[in-house]
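I set out to record what this structure shows about enclosed space and strand pairing. The entries below follow the order in which I looked things up.

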Amino acid sequence: MRKVVTFTLVTLLFILSAFGLQTYLREPLYHSQSYVFGTLVDISIYGESDDRAAQLANRVLQDFQDLHNRLHAWKPTANNQLSELGQLNAAFEQGNKPIKISTDLANILTDATQLSVKSGGLFNPAIGHLIATWGFQRDEFSAVNIDDVKIQTLVSANPRMTDIVIKGDMAYSTNKAVKLDLGGYAKGYALDKAATYLRQQHVKNALINIGGNIIALGQHGDKPWHVGIQHPRMPTAIATIDLPDGWAIGTSGDYQRYFMLNGKRYCHIIDPRSGYPAQHTQAVTVLVPPQPHAGVLSDVASKPIFIEAPENRSKAAQAFGIQDFMVIDHQSTVFVSSAISKKLHWVAPNVKVITLP
Amino acid sequence: MLKLLRYPKSLLAELRIGDWLILLVSLLCVFYLFRTFWSNEQATKVQIRLGDKIYATYSINQQREIHVHGKLGDAVITINQGKARFAKSPCRNQYCIHQGWLTRAGQAAICLPNQISLELLGESKTYDSLSY
């Protein structure tokens, strides 16, 4: 009888410890997902109380919303005024009369111009008129009538970031054809701002995802943050990869903003040289090592690789010091740089992979 | 030892406190290892998010239609014995519908204009976030 009692007690003890262990194993992980103006913002914070994490995440969302209002290329603000960027674009179109801009915007334009020059003009936020002609400055995308003459005119007008002149807090453009669209820059910029803010708040571990561009702070418990890379033609990840502290990753694809016309896909990534959407690439992913503007680079660096001819892709990556990149071409062949090939874990079945020398 | 096997009742009597401790510790070990390493690609649940909230989580092993009122209007999500998809959506480009059936844990379909997302969950998450 005594043994039965002991046995029962021990069993009870075991069950209790199991519950205890389960509570202990529950991770201190906060996760939020929000839509801010048509973009998904996904924030994970590890190791903070849920209340504090929620406060921090809300602040990041608000900052992103403010930035979005100011830098939106085609939407007016709530009281039907042009956004800060809209006003600047309107002034550019009028001629070269300087207008006042914020320090923030001046810094963004200076930085974007440097990056544009580095990319040999393949990253070109000055081609807003071309993007509008292709119908991508709208919330929904439908097929447009392709106006070859207009496209040709817009390309020969040669709008470049270097046409913009900034003196102190005044800016003007020497070329009326310049229309800024920071679609390939703003999310990365927001990512850097969010990372800086969270670090200032002494958050050690967080993963911020703004529209597919991701930056990692610290790690997920005792393991690095682990992210998936979208398969361009299937509702699944094609591969996963560890994102160590300070690293950023970004993907540009032809599957988020596009329309189909006569069986051909026209995506929002436009080659400034031809004025046409790039059609030989499905997706490009770049992995950016820790540096002050890792977020911006994760957004910007994938575009020139996407647009550039296959033989020049490595050169386009090198222009931004990118060692780790993956390209999926129009035939779904996957090309990986040798640096990234060691880091990827393949998820999708039957992936044909070619490692670049 | 032979005696113990012949008279199983005396087995318990022979166990000392140390034996019980070993037993307890090993059971806890098994429990811990099970929790840590038991993972499975098989999806068990469908999670629907609406805006910044989790709208609902359903078992995937059922036949069911779910109507969700999104930012633009009513979307219909179908769950069919181990798979799930967007069946109807008021959005213009219908990218979410084109994603087709989701079958494995970690797969997701997102409708940005209508602010509804659909994700299959398994025993563990395959990744923390997705670059797209």
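**Entries on cavities and strands**

I began with the second largest cavity, which is lined by 10 residues; nearest its centre lie A:Thr236, A:Val347, B:Arg104, B:Ala105 and B:Thr126. I note that this is a predicted model. The space in this second largest cavity comes to about 70 Å³. I sorted its lining by class and obtained 4 nonpolar, 4 polar and 2 charged residues.

I then asked how many cavities of 30 Å³ or more there are. The count is 2. Rolling a probe the size of a water molecule over the atoms shows where empty space is left.

I turned next to the largest cavity, which holds about 250 Å³ of space. I found 18 residues in its lining, and those nearest the centre are A:Gln33, A:Asp42, B:Ile110, B:Glu119 and B:Leu130. By class I recorded 7 nonpolar, 6 polar and 5 charged residues for the lining of this largest cavity.

Which strands supply at least two residues each to the lining of the largest cavity? From chain A I listed strand E1 (29-36) and strand E2 (39-46). From chain B I listed strand E6 (108-111), strand E7 (116-121) and strand E8 (129-131). E7(B) gives the most to this lining, with 3 residues.

I moved on to the sheets. Strands of a sheet pair through backbone hydrogen bonds, either parallel or antiparallel. I traced an open sheet of 4 strands in the order E16(A)-E9(A)-E8(A)-E8(B), and its pairing is mixed. Its edge strands are strand E16 (345-346) of chain A and E8 of chain B, each of which pairs on one side only. E8(B) had already appeared in my notes among the strands that line the largest cavity.

Within this sheet I examined strand E9 (residues 237-243) of chain A, which runs antiparallel to E16(A) and is joined to that strand by 2 bridges. I looked up the residue opposite A:Ala239 and found A:Trp346 in E16(A).

My last entry concerns a hairpin in chain A. Strand E11 (residues 258-261) and strand E12 (residues 264-267) of chain A pair in the antiparallel sense over 4 bridges. Which residue of E12(A) is the bridge partner of A:Met260? The partner is A:Arg265. Between the strands of this hairpin I noted 2 residues, and A:Asn262 takes a positive phi near 50°.

Definitions and conventions: Residues are numbered from 1 along each chain as its sequence is written. Chains are lettered from A and ligands numbered from 1 in the order in which they are written. This is a predicted model: local features need pLDDT of at least 70, side-chain atom pairs count only at pLDDT 80 or more; totals for chains, interfaces and linings use all residues. Side-chain values use heavy atoms; hydrogens and water are left out. On a 1 Å grid over the protein atoms alone, a cavity is a set of points where a 1.4 Å probe fits but cannot get out, and a pocket is an open set with protein on both sides within 12 Å along at least five of seven lines; lining residues have an atom within 4 Å of a point. Grid points are joined across faces, edges and corners, and a volume is the space filled by probe spheres set on the points. Ala, Val, Leu, Ile, Met, Phe, Trp, Tyr, Cys and Pro count as nonpolar, Asp, Glu, Lys and Arg as charged, and the others, Gly among them, as polar. Two strands pair if DSSP finds at least two bridges between them.
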